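Please look through this protein chain from the outside inward, beginning with its overall form and ending with a few single residues. The report below is meant to be read with the structure open beside it.

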Amino acid sequence: LINIAADPIRVLVTGAAGQIAYSLLYSIAKGDVFGKDQPIILVLLDIPPMLPVLDGVVMELQDCALPLLREVIPTDKVELGFKDLDAAILVGSMPRKEGMERKDLLKANVAIFKTQGAALEKYAKKSVRVLVVGNPANTNCLIASKSAPSIPKENFSCLTRLDHNRARSQVAMRCGVPADAVKNVIIWGNHSSTQYPDVHHAMVNVHGKEVEAYSAVKDDSWLKGDFISTVQLRGAAVIKARKLSSAMSAAKAICDHMRDWWFGTLDGEFMSMGVYAGGNSYGIPEDLIYSFPVHIKNKSWNIHDGLPINDFSRAKMDATAAELVEERDTALSFLSQ
């Protein structure tokens, strides 16, 4: 039986009538993310035209008869959606339409995440943990954080765990081992096709022995070529095949990210997370949300310092940083308008 004594936490999911949320909400409500004895109030925010669909999602959540789920609140109002939050998972964003310039997409999303950042500032707990999923996730996250100055920058993150899981799985399949036999892959930089999936520091458990990934894979040209492009372009490959973007795998990655943030990472392991770059030791420009290897304890992340970076990695880390600087500067020019 569940310990009823625990106070429920308030968890917001935006874009709640969408594809990713449909795969995500059951896992959260069932206790896979915030713990098996943590009651939850789920707040579901979407735009007004999606409210009828949202009602259907609410019915289904009720019909799951989940003991941890205390209340489900569907809404299109930010003052209700962002009130007293413990966690905010910002999935909703303006998707790219055909023929749309990247700049136009950025402009539309700056407006959305400025509003949501301001709503976090005004209504949420100062201890709220915020995960931005909607693309361009890194820059959207930065805008939200800048729009919520009294919430610590460390409380904002963006999702690169899906890329991390993709990289881990590619290496595991190549070595013929289960995915959890691969640890410490890294996604550096932007959640875009310039991201750098790095396995120079990864370890693979082969027949009970930990081996460096390069030794386990035994194919340097694959690791420096097709492996990287496969991970970078995986999202597009899924869209091409399914005619829809990654939802099941994105939801799983969101759960992994939030669970690790809540309960911590294992000793000797780090995970990839888009976080504020201030004070990093890898020469990445400070005022960015950039994906780093982090370890987490007591709901606080720290960038894993001291990894040696070779010239191959350096060039790729700098290239994705340059893209983020350009995105940030464009976004900030819209923000000040």
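What follows describes the chain as a whole, then a helix and a cavity inside it, and then some individual residues.

## The chain as a whole

The model is predicted, and every value below was computed from it. The protein chain contains 12 helices and 14 strands. Its radius of gyration is 20 Å, close to the 20 Å that the globule rule gives for 337 residues, so the protein chain is as compact as a globular protein of that length. Taken along the principal axes, the box that the C-alpha atoms fill is roughly 55 × 50 × 40 Å.

Of the 337 residues in the protein chain, 53% are buried. The accessible surface comes to about 15000 Å², and carbon and sulfur atoms account for 55% of that surface. If one takes the contacts between residues at least 6 apart in sequence, 73% of them join residues that are at least 24 apart.

Distances along the chain and distances in space can be set side by side for two pairs of residues. Met271 and Lys183 are 88 residues apart in sequence, and their C-alpha atoms are 8.6 Å apart in space. Ala118 and Phe312 are 194 residues apart along the chain, and in their case the C-alpha atoms are separated by 40 Å.

## A covered helix

Helix H5 (137–146) follows the loop that begins after strand S5 (129–132), and H5 is mostly covered, with 9 of its 10 residues buried. Among these buried residues are Ala137, Asn138, Cys141, Leu142 and Ser145. Which elements cover them? The cover includes helix H4 (102–123), S5, strand S6 (156–158), S12, S13 and helix H12 (311–335).

Two of the covering helices each hold a residue worth a separate look. Ala118 lies in helix H4, and with a relative accessible area of 37% it is partly exposed, because that value falls between 20% and 50%. Thr320 is found in helix H12 and counts as buried, because its relative accessibility is 0%. Leaving aside neighbours within four places in sequence, Thr320 is in contact with Trp188, Gly189, Asn190, Thr194, Gln195 and Tyr290.

## The cavity and Met271

Rolling a probe the size of a water molecule over the atoms shows where empty space is left. In this model the count comes to 1 cavity of 30 Å³ or more, and the largest cavity has a volume of about 30 Å³. The residues that line the largest cavity are Arg161, His257, Asp260, Met271, Ser272, Met273, Val294 and Ile296. This lining divides into 4 nonpolar, 2 polar and 2 charged residues.

Which element gives the most to the lining? Strand S12 does, with 3 residues, while helix H11 (248–263), strand S12 (271–276) and strand S13 (289–297) each supply at least two.

Met271, one of the lining residues, has its place in strand S12. With a relative accessibility of 9%, Met271 counts as buried, because the value is under 20%. Apart from neighbours within four places in sequence, Met271 is in contact with Arg161, His164, Arg168, Asp260, Thr265, Phe292, Pro293 and Val294. Among these contacts, Arg161, Asp260 and Val294 also appear in the lining of the largest cavity.

## Backbone features in loops

Most residues other than glycine have a negative phi, and most peptide bonds are trans. The loops of this model hold some departures from both habits, and the table below sets them out.

| Residue | Backbone feature | Place |
|---|---|---|
| Pro136 | cis peptide bond with Asn135, omega about -5° | loop between S5 and H5 |
| Asn184 | positive phi, about 65° | loop between strand S7 (182–183) and strand S8 (186–188) |
| Lys243 | positive phi, about 65° | loop between helix H10 (234–242) and H11 |

Are Asn184 and Lys243 buried or exposed? Asn184 is buried, because its relative accessible area is 7%, whereas Lys243 is exposed, because its relative accessible area is 66%.

Technical notes
Residues are numbered from 1 along each chain as its sequence is written. This is a predicted model: local features need pLDDT of at least 70, side-chain atom pairs count only at pLDDT 80 or more; totals for chains, interfaces and linings use all residues. Side-chain values use heavy atoms; hydrogens and water are left out. On a 1 Å grid over the protein atoms alone, a cavity is a set of points where a 1.4 Å probe fits but cannot get out, and a pocket is an open set with protein on both sides within 12 Å along at least five of seven lines; lining residues have an atom within 4 Å of a point. Grid points are joined across faces, edges and corners, and a volume is the space filled by probe spheres set on the points. Helices (H or I, at least four residues) and strands (E, at least two) are DSSP runs, numbered from the N terminus. Ala, Val, Leu, Ile, Met, Phe, Trp, Tyr, Cys and Pro count as nonpolar, Asp, Glu, Lys and Arg as charged, and the others, Gly among them, as polar. The radius of gyration is taken over C-alpha atoms; the globule rule is 2.2 Å times the number of residues to the power 0.38. Buried means under 20% relative accessible area, exposed over 50%, partly exposed in between (1.4 Å probe, protein chains only). Contact means heavy atoms within 4.5 Å. Accessible areas come from the Shrake-Rupley method with a 1.4 Å probe; for residues, only the protein chains shown count as cover.
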